[in-house]
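Biologist: Please take me through one part of this model in detail. Then follow the connections outward as far as they help.

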Amino acid sequence: MTPMKNPLVLLLLPLSLCAQQPYFQQEVNYTINARLDDSLHILEGQVAFQYINHSPDTLRELRVHLWGNAFKNRRSAFCRQKLRDGDAAFYFAEEHELGGYKKPDFQANGKKINWRYDPENPDIARLTLTDALLPGGQVHISTPFLLRIPASFSRLGHVETSYQMTQWYPKPAVYDHKGWHDMPYLDIGEFYSEFGSFDVTLTLPENYVVGATGVLQTPSEIAFLHQKERETRRLLDSLPHHVAAPFPPSSQNLKTIRYTAEKVHDFAWFADKRFLVLKDTARLASGKTVDCWAMFPMAKETVLKRGQSRLWEKGAFYIRRAVEFYSEKVGEYPYPQATAVHSALSAGGGMEYPMITVIGNASSAKDLDDVITHEVGHNWFYGILASHERRHPFMDEGLNTYYQIRYIRQYYGEYQPVDFPKFLLNEQKQGSLLENGYLLLARDNKDTPPDSHSDLFTPIAYGLQVYMKPALCMHWLEQAVGTENLDAAMQAYYAKWQFRHPYPEDLQAVFQEHNMKADWFFQAMKTKHRTDYRLKKVEKTGTNWALTIQNKGKLDAPYSVSALKNGKPVATKWFEHTDGSEVQKVEMAGVDADAFEIDYPRHTLDINRKNNFRRTSGLFPGMRPIEFRSLAPFQNSRRNTLAALPWVGWNNYDKTMLGIAFYNSPLPLRKLQYYVLPGWGLGAGRMTGMARLQMHIFSDGWIKKTTIGAGARMFDFDYNASHDYYLRYWRIAPWVHTELRCNSGSFSHGLLFRTLFIGKE
C-alpha cells in the first residue's frame with residue numbers, strides 16, 4: 001500500500017496549487033467604428049480590441065462571441081431553446097427577418113490569423129494565435145464586420161427604424177480561474193464578459209436620438225439632447241391626450257457621435273427618431289451627481305387608456321430614485337450617467353446593460369417604476385458585480401430582486417408582482433403572493449435550484465426560482481440576522497468585488513467574515529432542500545414555555561416563533577437550527593400566551609404551514625380555525641378553508657343542472673386534493689354530479705411523483721319517451737400515475753394505470 005501514496009500526492013499537488021492561485025481577471029479595451037444603414041437594416045464597421053492576459057497561463061487561442069449569428073439560421077442554440085419553450089416565431093420567420101454577420105476577417109497585431117466557428121454554435125469563434133500569449137502579454141485583435149440586424153425576436157433587433165443594438169459586436173469570452181466561458185446566445189440565460197474600456201464612434205442619420213452605455217463626447221450631440229429635452233417638456237405640457245408618433249423619414253444628413261466608457265464589460269445603444277427625452281439628476285451621499293436620462297416615443301393615449309408616454313413623464317425621476325436607493329443600500333454608483341429607454345423588447349419586461357436599460361410596456365406608473373428600478377439595479381448586480389449569469393443566475397437576478405422589493409416596500413408599501421390578477425388580490429394577502437409563487441413549483445417537486453445553469457429552467461421556473469426564491473431567502477436572512485448586519489455584509493461584498501467576477505463562494509466568504517450564519521442560504525440556492533417545521537408540543541413550567549420543534553425537511557435554517565394572545569403576536573423570538581437534528585427544544589420565557597406559531601410574520605419558506613400552529617390547551621390544539629369561502633383559489637395557511645361555489649351544467653337528458661361545488665383550494669399543490677359536485681337535473685328530476693379525489697406522493701428516486709386517485713360521475717344517458725323514464729349511468733375510475741424523473745427537454749415521461757367501473761340502468 002505504501003508505494004501507492006507518493007503518486008497520489010504528486011497528482012493532487014497541482015490541483016491544490018491551482019485552487020490556491022491568486023485571483024486574476026483579463027482586460028479588454030475596445031475601439032469600435034460603425035455606420036448604420038437604416039434603409040437596409042445593416043450595421044457596418046470595424047472593431048479592434050486590446051486583450052491583456054493577466055492570467056498565469058499561456059494562451060494559444062482566444063474564444064470570441066459572435067452573438068449576432070444566433071439569428072442567422074434555425075440551427076442556433078437560441079432557436080432550439082425557443083422551440084423547447086414552445087415559441088416557434090423565430091423558427092418560422094421570413095428570411096428577411098433573420099440576421100447575422102458576414103464572415104469576419106480576424107487579424108492579430110495586424111496579421112491575418114486562422115480561426116473557425118465552434119462546430120456546435122455559429123455564434124462562437126475560436127481564434128488561433130500565431131504567437132502564444134504569455135502571462136502579462138497583450139494582443140491586438142481586429143476585424144471588419146457587417147451585421148444584418150434581425151427583426152425583434154429577443155434583445156438585438158429592430159422594429160421598422162427603431163433599433164436595439166445589444167450583443168452587436170464581436171467580443172471575447174471570459175477566461176478566469178475556471179477556464180474559458182464561451183457560450184452561445186440564449187433568450188433565457190444572460191451573460192458574462194470581461195471588464196475594460198470602450199471608445200465607440202457611430203454614424204447614422206442626424207434625426208436619430210441615441211441612448212447608450214458610456215459618456216457622450218460629441219458637443220453637438222449633447223446640445224441636441226438638451227434641445228430635445230426642452231421640446232419634450234413643452235410637448236407633454238401642451239397635449240391633454242397623447243397621440244402615437246409615426247416613424248418619420250430619415251434625414252439625408254448623417255452625424256457621427258462618440259462615446260467612451262471605463263470599467264464596463266459591455267456596450268449597448270438604442271436609436272429611434274421618435275424618442276422624447278427627459279433628464280433628472282441623482283445626488284449621492286458623497287456629493288457626486290449622476291445624470292439620469294429617460295427616452296421614449298410618444299404613445300397613443302385616449303380618454304379610456306393612458307399612453308406609455310404619460311407613464312414615462314416621471315421616468316427620469318424613477319431612474320434617479322433607483323440610483324440613489326441602490327447607492328445608499330449597496331454602494332455608490334460609480335458612473336456619470338444612467339439611462340432608461342422605452343423600446344421594443346422580446347425577452348421579458350426589461351433588459352440591462354452598463355449605464356443603460358431598455359424597458360417594455362408597463363400597465364401603470366407604479367409598474368413602470370418597479371421595472372425601471374429592477375433594471376437600473378442591475379448596474380450593481382451584473383454591471384459592477386459581474387458574476388457568471390449563465391452559470392449562477394441567482395447572483396444577479398435574485399440579489400437584485402431582493403433590493404427591488406425593498407425599494408417598492410419603502411415607497412409603495414407591500415410588494416405586489418407586476419400585472420398580478422387583481423381579483424386574486426381580494427382572495428390572498430399580498431405578502432403571501434411571492435411565497436405562493438415559490439410553492440407553486442416546490443409543492444409539485446418541479447422547482448430547480450436557483451444556482452443552476454440558466455438553460456435548465458423553464459420560463460416559469462426561471463422567474464419563480466431565479467428571481468423570487470433567492471429574493472425571499474435574502475429577506476429571510478435579513479430578518480434572521482438583522483437588516484443592519486446584512487446591509488453591512490452586502491456593502492463589504494460590493495466594496496471588495498466591484499469591477500470583478502465574484503462567484504457564490506466569494507459571497508459566502510464575505511458573509512462568513514461578518515459572522516453571519518448563512519450557509520443554509522447557499523444550500524437553499526444549490527439544492528431543492530426545504531424546511532417543514534412542525535410545532536409538536538407546547539409545555540408550561542411556571543412562567544416559561546418549552547416548545548418541541550420538529551424539522552421534517554432537509555434544510556436547517558433559522559426560524560422564528562411567536563407567542564399569540566387572542567390571535568395576535570405578543571412576542572417573537574428567532575432560533576437557529578443548524579445542528580442537523582430533527583427535533584429541537586426551545587424556550588420562551590415570561591409571556592402570556594394562548595397559542596404559539598412558527599413564523600407568524602411569514603418570513604421563511606416553510607413548505608407546509610399547516611403544522612406550524614398550536615394552542616396551549618383544548619381538545620385539538622394543532623387544528624387551525626375553520627372558515628367558509630366561495631372563491632378560494634389559494635390556500636389560507638392560517639385557516640382550514642371549506643370552499644363552495646354554485647355550478648350550472650347541461651346535457652341532453654338531464655337538461656339544465658344546478659348544484660354546489662365543494663372543493664379544497666387547489667393552489668399551491670397539496671398532498672390531498674378533492675372536489676365534489678352534487679347537482680340536480682331539472683330534466684330528469686333527480687340527482688347528478690361528479691367527484692374527484694387524489695393524493696400525491698413525492699420521492700427522490702427515478703420515480704419523481706406518484707399520484708393515487710379516483711374519479712366518479714353519475715348522469716342520465718337515455719330517455720324512454722313511451723314510458724317517460726330516464727336511464728342513468730355511473731362511472732368510477734381509480735388510477736395510479738407515476739411521473740418519471742428524466743432530462744429530455746420539454747417532454748415528460750410517466751406511467752398510468754387506470755381502470756373503469758361502469759354501471760348502467
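**From one helix outward**

Modeller: In helix H2 (residues 77–84), the buried residues are Ala77, Phe78, Cys79, Gln81 and Lys82. Keep in mind that this is a predicted model. What lies over those residues? Strand S8 (121–133) is part of what covers the buried residues of H2. Past the helix comes Gly86. Its phi is positive, near 85°.

Now follow S8 into its sheet. The sheet is open and has four strands, ordered S7-S8-S3-S12. The pairing is antiparallel. Which strands lie at the edges? They are strand S7 (115–118) and strand S12 (171–172), and each pairs on one side only.

Take the S7 side. A hairpin leads from S7 to S8 through two residues. Four bridges pair S7 with S8 in the antiparallel sense. As one example, Trp115 faces Leu127 of S8. At the other edge, S12 is joined to strand S3 (residues 59–65) by two bridges. These two strands also run antiparallel. Here Val64 stands opposite Pro172 of S12.

Next, strand S21 (residues 289–297). How many of its residues are buried? Seven of its nine are, so the strand is mostly covered.

S21 has partners to describe in turn. Strand S20 (residues 275–283) is joined to S21 by nine bridges, and the two run antiparallel. Leu278 has Ala294 of S21 as its bridge partner. Between S20 and S21 the hairpin has five residues. Gly287 in that hairpin takes a positive phi near 100°. Strand S22 (residues 337–342) is joined to S21 by five bridges, and here the run is parallel. Ala294 appears again, with Ala340 in S22 as its bridge partner. So much for pairing in the sheets; in general, strands pair through backbone hydrogen bonds, either parallel or antiparallel.

On to helix packing. Two packed helices are described by the angle between their axes and the distance between the axes. Start with helix H5 (residues 315–329) and helix H8 (residues 397–412). They pack at about 115°, and their axes are 11 Å apart. An angle of 65 to 115 degrees counts as roughly perpendicular, so H5 is roughly perpendicular to H8. The crossing of H5 and H8 is right-handed.

Which residues make that contact? From H5 come Tyr318, Arg321, Ala322, Phe325, Tyr326 and Lys329. From H8 come Asn400, Tyr403, Gln404, Arg406, Tyr407, Gln410, Tyr411 and Tyr412. By class, the residues of this contact are eight nonpolar, three polar and three charged. The charged ones are Arg321, Lys329 and Arg406. The polar ones are Asn400, Gln404 and Gln410. Tyr is counted as nonpolar.

A second pair is helix H11 (residues 459–481) with helix H12 (residues 483–497). They pack at about 120°, with axes 6 Å apart. That angle lies outside the 65 to 115 band, so H11 is oblique to H12. H11 brings Met474, Leu477, Glu478 and Val481 to the contact. H12 brings Thr483, Asn485, Leu486 and Met490. The classes are five nonpolar, two polar and one charged. Glu478 is the charged residue, while Thr483 and Asn485 are polar.

Last, some backbone details. Most residues other than glycine have a negative phi, and most peptide bonds are trans. Met355 is not a glycine, yet its phi is positive, about 70°. The loop between strand S23 (350–353) and strand S24 (356–359) holds Met355. Buried or exposed? Its relative accessibility is 2%, under the 20% limit, so Met355 counts as buried.

Asn515 has a positive phi as well, near 55°. The loop between helix H13 (504–513) and helix H14 (519–526) is its place. Asn515 has a relative accessible area of 70%, over the 50% limit, so it is exposed.

The peptide bond between Leu667 and Pro668 is cis, with omega about -10°. Pro668 sits in the loop between strand S34 (655–663) and strand S35 (672–681).

Definitions and conventions
Residues numbered from 1 in each chain as written. Predicted model: local features only at pLDDT ≥ 70, side-chain atom pairs only at ≥ 80, totals over all residues. Heavy atoms only, no water. Axes fitted to C-alpha atoms, helices over the stretch in contact; angles between N-to-C directions. Parallel < 35°, antiparallel > 145°, perpendicular 65-115°, else oblique. Left-handed = near helix turned anticlockwise from the far one by under 90°. Contact = heavy atoms within 4.5 Å. Pairing = 2+ DSSP bridges. Buried < 20%, exposed > 50% of the residue type's maximum accessible area, 1.4 Å probe, protein only.
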